[in-house]
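Here are a few short exercises to try with the structure open in your viewer. Have a go at each one before you read the solution.

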Amino acid sequence: MAAAAVTDDTITTQQPDKKDDVDDLAPGHKILVQVDSVLPDILVVSYLRNGKTFQGALLDATKRLLMEN
């Protein structure tokens, strides 16, 4: 989260250090993602943060096996 400072009736915003792109995320945190593609058992999503794009596939966790042997 950006911090705001007031100086001479001017508000400036200080951005957090970008080297720690995801250090403030932890298991259990909720984030908003963009859905890029939808298949019956797979969602492809993107997450934008500090100029980086994280992308991945979410699999239907209610299915036991994705492939038969």
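The exercises below work through a predicted model.

**Exercise 1.** Work out how β3 and β4 are arranged relative to each other.

*Solution.* Start with the connection: a hairpin of three residues takes the chain from β3 to β4. Next, check the pairing, which is antiparallel and runs over four bridges. To pin down one spot, pick V35: its bridge partner in β4 is V45.

**Exercise 2.** Decide whether R49 is buried or exposed, and find a polar contact of its side chain.

*Solution.* First place R49, which sits in strand β4. Its relative accessibility is 18%, and buried means under 20%, so R49 counts as buried. Then look at the side chain of R49: it makes a polar contact with the side chain of Y47 at 3.0 Å.

**Exercise 3.** Find the structure's one aromatic pair and classify its geometry.

*Solution.* There's one such pair to hunt for. It consists of Y47 and F54, with ring centres 6.2 Å apart and planes at 40°, so call it tilted. Now compare the partners' exposure: Y47 is buried at 13% relative accessible area, while F54 is partly exposed at 33%.

**Exercise 4.** Which residues form a nonpolar patch on the surface together with F54?

*Solution.* The other members are V22, L25, I31 and V33, and the whole patch has about 350 Å² of accessible area. Take V22 as a check: you'll find it in the loop between β2 (10–14) and β3 (34–38). V22 has a relative accessible area of 34%, so it's partly exposed.

Methods. Residues numbered from 1 in each chain as written. Predicted model: local features only at pLDDT ≥ 70, side-chain atom pairs only at ≥ 80, totals over all residues. Heavy atoms only, no water. Patch = residues over 30% accessible without salt bridge, like charges linked within 9 Å, V, L, I, M, F, W, Y side chains within 5 Å. Areas by Shrake-Rupley, 256 points an atom, 1.4 Å probe, with all protein chains shown as cover. Salt bridge = Lys/Arg side-chain N within 4 Å of Asp/Glu carboxyl O. Helix = DSSP H or I, 4+ residues; strand = E, 2+ residues; numbered from the N terminus. Buried < 20%, exposed > 50% of the residue type's maximum accessible area, 1.4 Å probe, protein only. Pairing = 2+ DSSP bridges. Polar contact = N/O pair within 3.5 Å; in protein donor to acceptor, adjacent residues only side chain to side chain. Phe/Tyr/Trp six-rings, centres within 6.5 Å; stacked < 30°, edge-to-face > 60°.
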